[in-house]
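Hi,

Here is the structure I promised to pass on. Have a look at it first, and then read my notes below.

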Amino acid sequence: MKSIVFKTSLIIAIVLIIIMSSIGIYMNNVQNNIVDELQQYQKQYIIKQLNRTEELTIQKKIKFLKTLLLSVSGGLSEALYNMNDDALKAIFKQLLLSVDTIKGIYVVDNVTNKIYLGAYKKSNKKIIFSNKLPKNILSLSTISQLYLKYNHNQLGFVKIFFDDKQLLKQINFLKQKDLANFEKYAKSIDKEIHQKIYEEIILFFILIIFIIVIIGILLHIFVKKPLDVFQKGLNSFFEYLSNSNVKVQKIEINTNDEIGQMAKEVNKNIEVSMKLHNEIKTLMKIVEDNVLIAEVDNEGCITNITKAFCENIGYSKEELIGKTFENFINNTEIINDIWDQIRNDKVYKGEVNIIRKNKDLFWIELVMSKQCVTNTEECKYVAIGYDITNKKKVEELSKNLELKVIQRTKDLEEAKKEIEIIHKHTKDSIEFASLLQNALLPQKELIDKYFDDDFIIWKPKDIVGGDIYLFDELRNKNECLLMVIDCTGHGVPGAFVTMIVKAVEREIVSKIIEDKYLDVSPAWILSYFNKTIKKLLKQDKNSKSNAGFDGGILYYNKDKNIIKYAGANIPLFYVDNEVKVIKSNRYSVGYKQCNNDYEYKEDIIEVKKGMKFYLTTDGYIDQNGGEKGFPFGKKRFKKLIEENHHLDMEHQKDIFIREFYTYRKNEVQNDDITLIGLKI
């Protein structure tokens with residue numbers, strides 16, 4: 001009873017039996033009406049055909065008259081041109097006497113716009129020439145006017161009146177005769193029709209039984225068997241998701257019908273899903289081995305923790321599961337502050353001192369927030385930590401650096417070596433959920449400190465995305481660094497890559513902060529990203545991993561009034577009296593096909609008050625929409641800046657957002673979107 005073929009066959013059989021039984025009963029009760037209606041329809045059809053014959057006969061008659069009139073039009077035109085009344089009368093007489101149905105005719109002269117000459121025929125076939133035709137002649141049928149021309153000049157026109165009553169009388173006689181024959185024929189076949197109805201009802205029931213059997217066989221061959229193959233293939237794929245050692249069984253359906261096409265598409269999707277599954281496992285392994293992440297429940301007990309966190313803190317995973325942060329955070333007030341914020345649906349950010357198992361201390365920058373995947377699932381709290389011990393040491397060393405240059409030269413050299421060693425082991429992480437990814441983004445208030453006005457549009461395609469923007473103060477309050485990054489893909493894979501980018505970015509910023517004499521170079525930063533990401537992901541020509549990003553790096557020095565920019569497939573738009581564009585390197589960062597030694601170019605702009613700068617990933621420019629579904633495009637984006645750059649940044653933001661949705665219409669969002677506008 002569980003078989004879909006059996007259920008379908010049973011339903012079809014019941015429906016067909018009910019329908020055919022109803023048809024049989026209905027036909028038995030109303031067979032006489034059916035025959036009558038059929039005969040009536042046939043009679044109406046014959047009448048329509050006879051009427052059509054009548055119409056065609058009249059049309060042929062009119063066509064004959066038009067042809068006849070056309071044949072004498074030359075003579076009429078010449079006679080009218082020469083005003084030869086005798087010639088006109090001769091032609092009129094010939095027409096009236098040769099064609100019985102023609103009863104009257106006249107010619108109109110264009111010069112006087114009046115009848116030049118007319119004639120009509122009496123019942124005794126006597127021809128009367130008169131410019132005034134009797135009413136009984138004028139009431140007859142006419143054919144369309146024939147214009148008379150001579151030497152390409154229009155002289156007038158001729159009009160003929162004809163009588164079609166005699167023709168109609170003959171046609172009506174034939175119609176009545178045909179209808180009488182039909183009535184006789186209808187009675188003769190009435191008995192045969194009744195007999196055939198009963199025979200056909202019996203044949204219908206035999207046919208329906210045969211159809212049910214055939215349908216059952218076809219459903220078994222073309223539906224049940226392919227569905228069984230489908231089910232086996234899907235079951236093996238789901239087993240593979242839980243155990244990657246299981247071999248996935250391909251869905252072998254080679255038909256060209258919907259099931260065959262669906263099997264091909266499912267096989268393609270399974271291959272893509274398997275590849276994505278393997279890439280996610282690789283990225284999860286990177287996260288597990290390199291990122292400090294811990295999950296805690298509502299009671300504050302650790303429910304899950306990464307291998308990197310365990311190794312960094314010196315405990316095993318088994319020792320930490322079920323423990324609380326009080327076991328290794330050396331500050332009760334900070335713990336209370338963390339819980340006060342995250343339980344009120346806020347994101348906690350702060351620097352926390354951690355105690356290792358061996359009682360050593362180290363510093364992390366902690367980001368923690370509440371995460372609820374579904375409304376029914378109990379919420380958990382996720383913490384991501386970044387090792388900033390080297391940064392704290394640099395800050396501590398910097399406080400007394402100027403006073404102890406001579407005395408501490410040797411100590412500083414040793415400290416520098418220690419910091420370099422620590423830097424080699426510094427590993428940042430990425431966030432893997434929407435709330436945590438938002439927590440990685442810089443506060444807008446920090447950007448506001450450096451620019452007169454600004455706006456930020458950050459809209460992932462999915463819950464999390466592969467776009468990220470980063471902003472850092474550097475060695476003093478007059479220089480800053482803005483990064484706009486578009487990582488591989490979007491959704492979960494893209495979000496994993498943003499965590500790696502964040503980790504490398506923290507390492508780069510730490511290197512810049514350490515060396516106050518370092519000339520900050522966006523091109524060097526792109527090169528550093530390229531080498532580091534390829535190294536982290538072990539990307540060579542034979543690597544299965546292939547991740548990276550397109551991005552733009554903007555360095556602003558308020559003291560020197562300069563902006564340095566380097567881009568990897570992301571241009572910089574800016575307004576200096578007119579809209580200008582700095583083209584980027586047509587070379588991405590970090591992919592296995594990217595060369596380790598590639599050198600990115602860098603542009604320097606002298607800035608003035610009032611200049612505006614715009615950075616966007618390709619998600620905005622490549623969005624499909626409009627009347628034809630084409631991408632938005634750089635040309636339309638540049639025009640949007642030209643038309644609205646004089647407005648304040650908040651109004652510009654509203655316009656960019658509104659224009660995006662207006663252009664997109666019913667299209668889905670193609671990609672993650674990051675768009676930042678800055679005013680000096």
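Which hand does the crossing have where α14 passes α15? It is a right-handed crossing. Before I go on, please keep in mind that this is a predicted model.

**The α14 and α15 pair**

Let me stay with those helices for a moment. Helix α14 covers residues 491–514 and helix α15 covers residues 522–536. Their axes come within 10 Å, with a crossing angle of roughly 130°. An angle like that is neither under 35 degrees nor over 145, and it falls outside 65 to 115, so α14 and α15 count as oblique to each other.

If you want to find the contact on screen, pick out Ile-500, Val-501, Val-504, Glu-505, Glu-507, Ile-508, Lys-511 and Ile-512 on the α14 side. On the α15 side they meet Trp-524, Ile-525, Tyr-528, Phe-529, Thr-532, Ile-533 and Leu-536. Sorted by class, this contact has eleven nonpolar residues, one polar residue and three charged ones.

**The sheet under α14**

Helix α14 also lies across three strands, β13, β14 (479–487) and β15, and runs at about 15° to β13. These strands belong to an open sheet of five, in the order β13-β14-β15-β16-β19, with antiparallel pairing. The edges are taken by β13 (467–473) and β19 (603–606). Each of these has a single partner strand, so one side of each is left without a neighbour in the sheet. On average, neighbouring strands here are turned by 15° against each other, ignoring direction.

Inside that sheet, β15 (residues 549–557) pairs with β16 (residues 562–568) over seven bridges, in the antiparallel sense. A handy place to check this is Ile-553, which stands opposite Ala-566 in β16.

**Strands β7, β8, β10 and β11**

Next, go to strand β11, residues 380–387. Seven of its eight residues are buried, so β11 is largely enclosed by the rest of the structure. Two strands that pair with β11 are worth a look. Strand β10 (residues 361–371) is joined to β11 by eight bridges, and the two run antiparallel. One pair to look for there is Ile-364 with its bridge partner Asp-387 in β11. Strand β7 (residues 292–296) is joined to β11 by five bridges, again antiparallel. Here Glu-295 has Val-382 as its bridge partner, and Ala-294 stands opposite Ala-383.

Is β7 mostly covered or mostly open? Mostly covered: five of its five residues are buried. In a regular strand, side chains alternate between the two faces of the sheet. In β7, Leu-292, Ala-294 and Val-296 are on one side, with Ile-293 and Glu-295 on the other. Both faces are covered, as the residues on either side are all buried.

Strand β7 is also joined to strand β8 (residues 302–305), by three bridges and in the antiparallel sense. In β8, the bridge partner of Ala-294 is Ile-305. Together β7 and β8 form a hairpin with five residues between them. Look at Gly-300 in the turn, which has a positive phi of about 90°.

**Two more helix pairs**

The first is α2 (residues 73–82) with α3 (residues 85–98). Their axes come within 8 Å and cross at roughly 155°. Angles over 145 degrees count as roughly antiparallel, so that is how α2 and α3 are classed. Their crossing is left-handed. In the contact, Gly-75, Leu-76, Ala-79 and Leu-80 of α2 meet Ala-87, Leu-88, Ile-91 and Phe-92 of α3. That makes seven nonpolar residues, one polar residue and no charged ones.

The other is α17 (residues 634–644) with α18 (residues 649–664), where the axes come within 11 Å and cross at roughly 145°. Here α17 passes α18 in a right-handed crossing. From α17 the contact takes in Arg-636, Phe-637, Leu-640, Ile-641 and Asn-644, and from α18 Gln-652, Ile-655, Phe-656, Glu-659 and Tyr-663. By class, there are six nonpolar, two polar and two charged residues in the contact.

Cheers

Definitions and conventions. Residues numbered from 1 in each chain as written. Predicted model: local features only at pLDDT ≥ 70, side-chain atom pairs only at ≥ 80, totals over all residues. Heavy atoms only, no water. Axes fitted to C-alpha atoms, helices over the stretch in contact; angles between N-to-C directions. Helix = DSSP H or I, 4+ residues; strand = E, 2+ residues; numbered from the N terminus. Left-handed = near helix turned anticlockwise from the far one by under 90°. Contact = heavy atoms within 4.5 Å. Nonpolar A, V, L, I, M, F, W, Y, C, P; charged D, E, K, R; others polar. Buried < 20%, exposed > 50% of the residue type's maximum accessible area, 1.4 Å probe, protein only. Pairing = 2+ DSSP bridges.
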